[in-house]
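Biologist: Please take me through the reasoning behind the terms used for this predicted model. I should like each value set against its cut-off.

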Amino acid sequence: MTVRTFLVGLGWSGQEIWLPRLLAHDGYDVVAAADPDPGRRAAFTAATGRPAFADTRAFDTGQADLAVVAVPNHAHAPVARDLLLRGLATFVEKPVCLSAGEAELLADAERRGGAPLLAGSAFRHRADVAELARLVPALGRIRNVDVSWIRARGVPQAKGWFTNRSQAGGGVLFDLGWHLLDVLDAVVGPLTFDQVAAVTTDDHVNEAGWTAAWRHDPPAPGVTADVEDTVRAFLVAEGGLSVGLRASWASHSATHDATTIRVEGTAGTATLCCTFGFSPHRVPRPGITHVRAGEVSEIPVPPEPVGAEYDRQLATLGTLASAPSSRGRAIEGAHRIVRAIEAIYAAAATSLVPAGPAEFKAGER
């Protein structure tokens with residue numbers, strides 16, 4: 001069965017990630033698209049021969065089996081809610097929503113419309129992440145997980161919507177952090193956090209030299225980014241499992257953009273080092289190190305083409321869109337993630353302590 005697909009959003013994600021893959025896959029037929037930009041609509045129609053609309057409400061949802069929503073963050077929940085209420089299975093790029101309140105509205109729309117919401121966090125579909133998850137039962141009782149994604153020069157979209165809080169919801173925490181929290185869920189299972197300590201910083205987000213080298217978005221003169229470029233958090237879940245999270249768009253790393261997931265249990269540890277995303281500054285090859293009673297084992301992980309996780313996700317998306325059992329799953333996960341993000345931001349807002357007379361300065365003893 002061919003999945004008739006309505007693509008919503010023809011920006012970077014829509015054009016670079018989803019449209020080429022949908023067009024190349026025999027199981028999907030892109031029947032229409034939507035985007036407010038007339039140039040993008042014209043280019044889509046010229047390339048595919050299919051209509052493109054300025055507003056999703058102009059499209060008859062009866063002509064599609066699935067919507068793929070790849071619009072700026074602030075539009076994710078409103079667009080998805082409208083499509084769900086109209087009975088169309090809807091796949092939403094991360095972040096699925098920007099607040100717990102939006103998550104509840106999406107859950108209500110899914111119930112009322114009868115079609116499932118599907119979540120677009122691709123990195124849980126990586127082969128190396130699946131291999132790490134396979135090792136977790138051998139680690140005993142899990143005590144701590146550290147997740148990090150550190151870029152050297154990786155501030156996105158030179159002062160575009162990605163670094164505007166009203167449109168993105170936040171900075172690196174909503175961008176890279178959402179992925180890390182979703183992968184955490186995939187590796188060790190769903191967690192609810194009782195205690196959170198966090199700090200966010202914005203040292204480099206307004207400096208042009210820290211912009212992602214693999215993106216070529218034009219700068220917006222006079223626009224000041226108002227989001228964080230780095231977040232550090234320590235979270236404690238029910239039962240005492242602790243999680244360290246660090247995400248950064250900009251750091252003093254000179255070589256690689258690296259993603260690390262370290263799972264520590266009573267019977268050993270397993271650490272995955274790789275690079276999530278599309279950055280060309282990649283760790284040479286992914287690898288997992290397993291340590292048990294002082295013995296170190298290197299677990300080989302075959303390298304995959306960049307973006308293979310999106311192909312793997314697409315391979316199952318059509319089935320999920322038509323399965324009644326899909327309803328409720330994605331929104332539950334999104335609700336957990338956005339509650340954790342809200343808690344991290346709240347903790348960061350209350351953890352700032354003014355420097356007093358005894359402030360330590362580098363070089364002093």
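**From values to terms**

Modeller: Helix α9 gives the most to the lining of the second largest pocket, with six residues. The model is predicted, and the pocket holds about 490 Å³ of space.

Biologist: Which elements each supply at least two residues of that lining?

Modeller: They are β6 (117-120), α7 (172-188), α8 (308-321) and α9 (329-350). The lining has 22 residues, and those nearest the pocket centre are Ala119, Arg124, Leu320, Arg329 and Ala330.

Biologist: How do the lining residues of the second largest pocket divide by character?

Modeller: There are 11 nonpolar, six polar and five charged residues in this lining.

Biologist: What makes α4 and α9 roughly parallel or roughly antiparallel to each other?

Modeller: Two packed helices are described by the angle between their axes and the distance between the axes. For α4 (residues 100-113) and α9, the axes come within 9 Å and cross at roughly 170°. Angles over 145 degrees count as roughly antiparallel, and the two helices are therefore roughly antiparallel.

Biologist: Which residues meet in the contact of α4 with α9?

Modeller: Ala100, Ala103, Glu104, Leu106, Ala107 and Glu110 of α4 meet Ile331, His335, Val338, Arg339 and Glu342 of α9. The residues of this contact comprise six nonpolar, one polar and four charged.

Biologist: How do you know whether Leu132 is buried or exposed?

Modeller: Leu132, in helix α5 (residues 127-135), has 0% relative accessibility. The cut-off for buried is under 20%, so Leu132 counts as buried. Leaving aside residues up to four places away in sequence, Leu132 touches Val187, Ile261, Val263, Ala270, Leu272 and Ile288. Leu132 and Ile288 are 156 residues apart in sequence, with their C-alpha atoms 7.2 Å apart.

Biologist: What makes Ala293 buried or exposed?

Modeller: Ala293 has 81% relative accessibility. Exposed requires over 50%, and Ala293 therefore counts as exposed. This residue is placed in the loop between β13 (287-292) and β14 (295-300).

Biologist: What is the phi of Ala293, and where is the cis peptide bond that ends at Pro95 placed?

Modeller: Most residues other than glycine have a negative phi, and most peptide bonds are trans. Phi of Ala293 is near 50°, a positive value in a residue other than glycine. The peptide bond from Lys94 to Pro95 is cis, with omega near -10°. Pro95 lies in the loop between β5 (89-93) and α4.

Methods. Residues numbered from 1 in each chain as written. Predicted model: local features only at pLDDT ≥ 70, side-chain atom pairs only at ≥ 80, totals over all residues. Heavy atoms only, no water. 1 Å grid on protein atoms, 1.4 Å probe; cavity = no way out; pocket = protein on both sides within 12 Å on 5 of 7 lines; lining within 4 Å. Points joined across faces, edges and corners; volume = space filled by probe spheres on them. Helix = DSSP H or I, 4+ residues; strand = E, 2+ residues; numbered from the N terminus. Nonpolar A, V, L, I, M, F, W, Y, C, P; charged D, E, K, R; others polar. Axes fitted to C-alpha atoms, helices over the stretch in contact; angles between N-to-C directions. Parallel < 35°, antiparallel > 145°, perpendicular 65-115°, else oblique. Contact = heavy atoms within 4.5 Å. Buried < 20%, exposed > 50% of the residue type's maximum accessible area, 1.4 Å probe, protein only.
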